[in-house]
Amino acid sequence: MFQGGYMGKVLRVNLTTKTVTVEDLPEKIARDYIGGAGFGVKYLFDEVPGDVDPLGPDNKLIFAPGPLSGTPAPCASRMAVTTKSPLTGAVGMSLSGGYFPVELKFAGYDVLIIEGQSKTPVYLHIKDDKVTIKNAAKLWGMDTQITQTIIKQDVNDQNTRIACIGQAGENQSKMAAIINERRAFGRKGVGAVMGSKNLKAIAIRGSQQVPLANPEAFETARKFMLGAMKQSPVLYPEFSKLGTPMVVDATSAMGIFPSENYRNTGEKDYSASIGVEASISRNKGNEHCYGCPVGCTQLKLAQGQSYEGGMSDPEYETYYSLGSVVGVESVDSIIYNDMLCDKYGLDTMSVGVTIALAMELFERGMLTAADTNGLDLRFGNHQAVTQLIAEIAFRREGIGALLCDGSRIMAAKVGGDAEYFAMHIKGLELPAYDPRGAKAHGLNFATSYTGADHNRGYAFQEVFGIPVPNAYDRFAVAGKGWLTKWNQDIRCATTDCPTMCGFLMDMALPAVAEQNTADLVSSASGIALTKEDVGRVGERVNNLARVFNISAGFTRADDTFPKRLMEETIKAGGSSGQRISEADLEQMLNEYYEARNWSPDGVPSREKLAELDLPEAAVLLAARGLLADD
Amino acid sequence: MMTVEITTIMGLKALMGGNKDQSLTLPDGATVAAALDQLGKIYGPALQQRIFNDTHQLNPGIAVFVNGCVIFARLGLETPLQDGDAVLIFPPVGGG
Ligand code: SF4
């Protein structure tokens, strides 16, 4: 029995058999994995074989908030969804915020596991212990916003919280997202997995409270965190007023804001047209996640003939993916196209980078008007971007079908040299930082268990110059293996598992994140965790995910960068002259594997797995003859 | 004498007369501290107070990069400058 933090229950829904079961959450899993991504990776590893078809009935979707979600801890309404990604073939883990995450806790559950495959469209309705699989035939074909409106009417409750897929998920685009309110479990094609299960939505309403094991100690920890947030040099007022779009100005000045499919990063200053000054002129207010005093989400209304009326909340990454990387300098088109992606349920990042590949191939004559349904795909054509988003969402014949499964599959279909221009790692499109000018940030993309994912080990030391635990030269190669391990483990342990918003950790608590997590989780749950225990959780999850990926067929050769970044040098701007040579990559990878106590092939050692109490991972590797020190 | 190229963004840009980029002439061998002091003289106390605390250390969240490298990884405010160096000064920034 848990004293608090956890509700103690795992809800399992099988869509093939239409059965619903409730299991106890084992205390050992809570202690060893905390929650969120930790629970996701653990259940995925235990229940889904690495070689499973991501879009088949044996893949699962594991939704998990954390022990702090639904408590008065600030900024803890976050939830991880974990699955085998159809886009990458690796662990697919995506986090969202908003109000949906806490509602699962209020309904009495720490984990929701969806398995099997329904023959017809359904949606799941969870009202405390009343769990119903409902017919969703009439919802099929609807976008994510209308779906949420109709379900609220259907269940006769405007306060029901909903996560759903749009047309992109229904059509199993490997870039499909799961949308809750205006927020998203955006990346790695998690929406396609939901679509493959014929699951249109999950609607939740709960009436319970999340108990606290030690309210007094919890209040002390909470006050400490709120105090640190107030003292943060950047949370108030900058971040709460400007949100993530301000990073466009920072990375542009550093020369790492990628443009035009990375062919000319640093050559044109996009901050002049789509930087924070331009985007703030469209602000109409901000939104908060549940229990967040910051409210960084900036709602923007587009202006001008083509896009007026478009309203959305593009984040930093979207100014890149629907802006600079496709050569677009119009904030209005970014706002509008972001709205379209949310509506259809698409990951703006993968979509933009895949369109950028199409544009580069078009300009090089490797795609012609006959391939693009007549669209002029030159960089900067924002109307074409608008058109392509719909083509992708509906998997329309021709260009839609060519692009809708992401850049890796598109490049393979086009053939020739197309892969050279495809900006992905392990199939996941790159985020808005050119790795050549921020090497540890880049090494994280190369080694993260989810592919090119900035959030799994954000190198704030390089991007914002924060000297925690030490200061680093962003161009240097030496030391970046160790730093990447540190960033990945701490991110995982202090944000992805307890499920806290990562922004706060970087901006308010970078030096004390593990202690803060230990204090909050211990006092909420009654499970005594030290900061060292918390650190080990991060390491444990990263190792277990690595072993899952090995069982899915990944090797050292997949921990790499797109060829373009290793052959071409940044020619202008704040990172002029930078590239990542083969030797740089080798040096960083060797150091990273050594820091992790993995073999030179990138396989965790028996010693490391024993230290982290992961016998199941050792058994899997040994059975395949892969255990490094056998 | 030598010339360094100063770049800044957002709130600091507003405190430096709206100039994102500007050249600054300094005596040979000047340090980052000297460059920031000189900017403080040009643009006044509002900029000085935004950059420095009472003990003349950088305020929390202010980061300075010389030719791309954050000064905390070199000699901090005592990092020497050379003719033609690119100095990037960040106000507190985060997210992304
Ligand atoms: S800082 Fe932003 S993303 Fe984080 S919890 Fe608050 S509103 Fe949500």
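Here is a walk through a predicted model, starting with how chain A is divided and ending with a few salt bridges inside it.

Let's begin with the layout of chain A. The chain is split into domain 1 (9-205), domain 2 (243-429) and domain 3 (438-497 + 529-623). Notice that domain 3 is written as two stretches of sequence, 438-497 and 529-623. If you take the centres of domain 2 of chain A and domain 3 of chain A over their C-alpha atoms, they sit 27 Å apart. Their contact draws 25 residues from domain 2 of chain A and 31 residues from domain 3 of chain A.

How much area do these two domains bury between them? For domain 2 of chain A and domain 3 of chain A the value is about 2,100 Å², and 61% of that lies on carbon and sulfur atoms. Three residues stand out on the domain 2 side: A:Y420, A:I425 and A:K426 account for 35% of the area that domain 2 of chain A buries against domain 3 of chain A, more than any other three residues.

There's charge and polarity at this boundary too. Between domain 2 of chain A and domain 3 of chain A there are 3 salt bridges, along with 10 residue pairs in polar contact, counting pairs with both residues at pLDDT 80 or more. On the domain 2 side, the elements that put in two or more residues are α9, α14 (348-363), β16 (424-425) and β17 (428-429) of chain A. Of these, α9(A) gives the most, with 4 residues. Sorted by class, that side of domain 2 of chain A has 12 nonpolar, 6 polar and 7 charged residues. One more pair is worth finding while you're looking at A:K426: its side chain meets that of A:D559 in a salt bridge, at 2.8 Å from N to O.

Now turn to where chain A meets chain B. Here 33 residues of chain A and 22 residues of chain B take part in the contact. The area buried between chain A and chain B is about 2,000 Å², with carbon and sulfur atoms giving 68% of it. On chain A, the trio A:P233, A:A253 and A:F464 supplies 23% of the area that this chain buries against chain B, more than any other three residues.

Across this interface you'll find 3 salt bridges. To see a salt bridge between the chains up close, look for A:E238 and B:R50, whose closest N and O atoms are 2.9 Å apart. There are also 7 residue pairs in polar contact between chain A and chain B, again with both residues at pLDDT 80 or more. Several helices of chain A share the work: α8 (235-242), α9 (247-254), α11 (276-280), α12 (316-321), α19 (460-463) and α21 (502-508) each bring at least two residues to the side that touches chain B. Once more α9(A) gives the most, this time with 5 residues. By class, this side of chain A holds 21 nonpolar, 4 polar and 8 charged residues.

Over in chain B, have a look at B:A30, in the loop between β2 (21-26) and α2 (32-43). Is B:A30 buried or exposed? Its relative accessible area is 9%, so B:A30 counts as buried. What's around it? Beyond its neighbours within four places in sequence, B:A30 is in contact with B:M2, B:T79, B:P80 and B:L81. Take B:P80: it's 50 residues from B:A30 in sequence, yet 5.9 Å from it in space, C-alpha to C-alpha.

Let's finish with salt bridges, of which the structure holds 52 over all chains. One joins A:E115 and A:R12, with 2.9 Å between the closest N and O atoms. A:E115 lies in strand β6 (residues 111-115) and A:R12 in strand β1 (residues 9-14), so the pair ties together parts of chain A that are 103 residues apart in sequence. Both partners are buried: A:E115 at 13% relative accessible area, and A:R12 at 11%.

Compare A:E329 and A:K268, whose side chains meet in a salt bridge at 3.5 Å, N to O. This pair also links distant parts of the chain, 61 residues apart, with A:E329 in the loop between α12 and α13 (331-344) and A:K268 in the loop between α9 and α10 (271-274). Here A:E329 is partly exposed, at 39% relative accessibility, and A:K268 is partly exposed as well, at 35%.

Methods. Residues numbered from 1 in each chain as written. Chains lettered and ligands numbered in written order. Predicted model: local features only at pLDDT ≥ 70, side-chain atom pairs only at ≥ 80, totals over all residues. Heavy atoms only, no water. Contact = heavy atoms within 4.5 Å. Buried area = accessible area lost by both parts, 1.4 Å probe. Salt bridge = Lys/Arg side-chain N within 4 Å of Asp/Glu carboxyl O. Polar contact = N/O pair within 3.5 Å; in protein donor to acceptor, adjacent residues only side chain to side chain. Nonpolar A, V, L, I, M, F, W, Y, C, P; charged D, E, K, R; others polar. Domains from an automatic or database assignment. Buried < 20%, exposed > 50% of the residue type's maximum accessible area, 1.4 Å probe, protein only.
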